[in-house]
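Got the viewer open and a selection box ready? Here's a walk through this model, stop by stop.

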Amino acid sequence: MPPVLEMRDISKSFGGTAALSGFSLSMEPGRIHALVGENGAGKSTLIKTMTGIHQPETGDILVDGQPVSFRGTADAQRAGVAAIYQEPMVFPDLSVAENIFISHQNRRQLINWSALNDEAAAMIARLGVTLDPRRAAAELTLAEQQTVEIARAISLNVRVLIMDEPSASLSDHEVKRLFGIARSLRDQGVAVLYISHRLEEIFALADTVTVMRDGKHISTKPVTEVTQASMIAEMVGRDMAGRFAREPSKDTGEVLLNVSNLAKTGVFRDVSFTVNRGEIVCFSGLVGARRTDVGLALFGVAPADQGSVEIAGQPVTITNPAQAQSLGIAYVSEDRRKLGLALTEGITANITLPMLGKYSGAFGWLDRMHELADAQAFRKQLNIKAANLTVPVGTLSGGNQQKVMLAKWLNTKPRLLIVDEPTRGIDIGAKAEVHQILRALAAEGVAIIIISSDLPEVLSLADRILVMREGRIVGEFTGEDATDESVMHLAVAAEVA
Amino acid sequence: MTALRSWEGFLFAVLILIYAVNAWSSPVFLTPGNQINMFQLSVEKIIVALVMTFVIINGEIDLSVASIMGLAACAFGWLVQAEVPGGWAIMIALMIGLACGAFNALFIVGFGIPSLVVTLATMIAFRGFARVLVEDRGINAFPAWFNHLGQKGLIGPVPLAMVVFAVLAVLAYLILQRTAFGRKVYFIGANRAVAEFSGLDVRAVKAKIFIASGVVSALAGILFAARVGAVRGDVAQGFELDIITMVLLGGVSIFGGAGTMSGTILAILIVLALRNGMALQNITGHIQTGVLGILLILSVMVPIIRETGGRLIARVR
């Protein structure tokens, strides 16, 4: 098959930094092509160049062998190149059908609603999914919104569909459905570019895999000829396989947190567990198993209605985050943008925010040198990569933002650290560093709760694993005994296990 | 060159340019008498602009400031007419400002109603009270010492209101840029959920700002009464727009979280110097207002132009 889209020797730089240098990629119809690389490898720039948001400085883009130049997304769309992202872009107040046909403007006629809805239903059926075209997009789940986006692309006769980390926020069975959609697109002759940090997905889905590093093309091989270890080695340029190995437990056996029969009506119930100083307890389960709600209840953001909590033997009732902090609890949220960091503010100010009292003297006067000194210490300790400590946090890469968030909460000197999805959407090098930081904290005697949907991460970090399903704890493993299969089995349906 | 890249650097350059043009075109412009006069004509507005900077960086708006100015001024006049001693009348007028601010805070912080809605309503309500108190006839029988405070120099030729502005400007700068309170103002404006999650007392900060806005507005209203020597129901009517304009021109984001006190102060100086310079050239008030409107639009456009310009240059390279 001749390629439908070809990128030849594409280079693009921003302010002297080369994001892409001499990158080539060829997309064939009816194939799923996976693209992997660490954060900052240039994947986003590549996508933006393919969809006309950026224009390459040198190199050619060819559609059906003819050189083209995309001046904007409209040009790319006309050539049949479209992209969907982790966060679907839909109009929340419009219906499914309206969202799908939003780019089809027919100014002369009135809208024939029943025909529009039928056509939308047919479009969705082509993806092997059922979805009522009359529903408002706001009512849909994230996965369903993605389906709408894909249907919109198909309605525009997409020939190359780029899927940028589409599975990052989906639950396991939603990912399966997404795979089904990707395969049916492939069978209909669409060239799919699939980007994901979850390497295991690539083996399940892709035909070909391209590895990129530092804006350069490293390799393109049939997926049958690569292994996870070989891909990781190529992504990072060094052998990282061993870094995810387990380490001996730092559990002191001394109970710090004792939760019994915690419940919140309609959300979770019968939640009882303990965490020791120096112990890492992981909450595993599907997205929507209400793990985050338990964490937020312990931090006082959405307090529980029933049950009791003891910290170091003292019964406590936690009603707000300020109080939780004063009890020595810190919570690193999974939602960096909404709850974690103020992206427009500087690194130092974000780090010191929960502890402003520590830095202020008479009349609340801030000791800025003291703030800077502490931030500098964290920059060194956590290896935060930034030009300086006053740049807005939003300009950092995901991994570095995650480290700033960790610094912010470590600065509160917590006794209990709750970390929700500590490494989601960050690259493999940063991931290993975050794991190292968490282990070091446990060694210092901090009790750690990790909520993670990343099973390899859970298996390598946890001293104990609690599996949640539908608002209840349905099982417990020690870190040594657990396997992917045993945990996943319990998370999906405990009765069968 | 790097100084020019910041918004404050840009404003500073504009200010120097305006001062240079004014000084070149009118020999009167730089004289101390004219400079004081320039400040004195808008001194109440620029005092309120200082506290408005906190309100807007915090992600809120206070449309009721001019009505609080009017209400405090009218209450003062009414009390003086009722033969309440001047000192007491001032205290009571300030307390009314505090009560107005607390009333706004109650609905915004206590009941969670958007500040745009609450202060739009209280803008009308407080103005209504002012008109009920004084109606249309006006009051001008103020004690002589009070009129002197408004019209004569306190330190040399510099009148009280300018001294108040200078002191408040320094205080506002220090509080916003150098204290924990100021830091909280920024973070709450930038991302309220993050601020709450980090354990900040978001509601207390917002309440304090609206109460301060009420008190400072009342103070500005009293200073206005002293300068003009009379009050009427429509005192300071429409001032809120001029005040908000100065703050936005200073680079404060209407969405909250961004801007600086030095930006606001530079914008104040620019507006004053521009108006004064045009007045010295006998340009009418209506045209002056038009020019300021265009200036505001340009100030919003400059960052956008700079960005697209930068992109064009990058493409040419």
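## Stop 1: a helix pair in chain B

Start by selecting residues 160-178 and 180-190 of chain B: these are helices α9 and α10, whose axes sit 5 Å apart and pack at an angle of about 65°. Keep in mind as you look that this is a predicted model. An angle of 65 to 115 degrees counts as roughly perpendicular, and α9(B) and α10(B) are therefore put in that class.

Now show side chains where the two meet. On the α9(B) side, pick I175(B), L176(B), Q177(B) and R178(B); their partners in α10(B) are F181(B), G182(B) and V185(B). Colour this contact by class and you get four nonpolar, two polar and one charged residues.

## Stop 2: another crossing in chain B

Next, select 65-81 and 239-249 of chain B. Those are helices α5 and α13, with axes that come within 7 Å and cross at roughly 130°. What does that angle make them, given that over 145 is needed for roughly antiparallel? The answer is oblique: that is therefore how α5(B) and α13(B) lie to each other. Their crossing is right-handed.

For the contact itself, highlight V65(B), A66(B) and M69(B) from α5(B), then F239(B), E240(B) and I243(B) from α13(B). The split here is five nonpolar, no polar and one charged.

## Stop 3: zoom out to chain B

Show the whole of chain B as a cartoon: it has 15 helices and two strands. Its radius of gyration is 20 Å, close to the 20 Å that the globule rule gives for 317 residues, so chain B is as compact as a globular protein of that length. Along the principal axes, the C-alpha trace of chain B spans about 75 × 55 × 30 Å.

If you colour by burial, 46% of the 317 residues in chain B count as buried. As for contacts in chain B with a separation of 6 or more, 77% come from residues 24 or more positions apart.

## Stop 4: where the chains touch

Bring chain A back on screen and look at the interface. How many residues take part on each side? In chain A 21 residues are in contact with 17 residues of chain B. To find the chain A side, select α10 (321-326) and α11 (336-340) of chain A, the elements that give two or more residues to it. By class, the chain A side has 13 nonpolar, six polar and two charged residues.

## Stop 5: chain A as a whole

Hide chain B and take in chain A, with its 18 helices and 20 strands. The radius of gyration of chain A is 24 Å, close to the 23 Å from the globule rule for 497 residues, so this chain is as compact as a globular protein of that length. A box of roughly 70 × 50 × 50 Å along the principal axes is filled by the C-alpha atoms of chain A. Of the 497 residues in chain A, 48% count as buried.

## Stop 6: two backbone oddities

Finish with some torsions. Select R290(A): it isn't a glycine, yet it has a positive phi of about 75°. You'll find R290(A) in the loop between β13 (280-285) and α9 (291-298) of chain A. Is R290(A) buried or exposed? It is buried, with 22 other C-beta atoms within 10 Å.

Then jump to N383(A), another residue other than glycine with a positive phi, near 60°. N383(A) lies in the loop between α14 (368-382) and α15 (398-410) of chain A. With 15 C-beta neighbours inside 10 Å, N383(A) counts as partly exposed.

Key. Residues are numbered from 1 along each chain as its sequence is written. Chains are lettered from A and ligands numbered from 1 in the order in which they are written. This is a predicted model: local features need pLDDT of at least 70, side-chain atom pairs count only at pLDDT 80 or more; totals for chains, interfaces and linings use all residues. Axes are lines fitted to C-alpha atoms, for helices over the stretch in contact, and angles run from 0 to 180 degrees between N-to-C directions. Helices (H or I, at least four residues) and strands (E, at least two) are DSSP runs, numbered from the N terminus. Angles under 35 degrees count as roughly parallel, over 145 as roughly antiparallel, 65 to 115 as roughly perpendicular and the rest as oblique. A crossing is left-handed if the near helix is turned anticlockwise from the far one by less than a right angle, and right-handed if clockwise. Two residues are in contact if their C-beta atoms, placed from the backbone, lie within 7 Å. Ala, Val, Leu, Ile, Met, Phe, Trp, Tyr, Cys and Pro count as nonpolar, Asp, Glu, Lys and Arg as charged, and the others, Gly among them, as polar. The radius of gyration is taken over C-alpha atoms; the globule rule is 2.2 Å times the number of residues to the power 0.38. A residue is buried if 20 or more other C-beta atoms lie within 10 Å of its own, exposed if 12 or fewer, and partly exposed in between; C-beta atoms are placed from the backbone.
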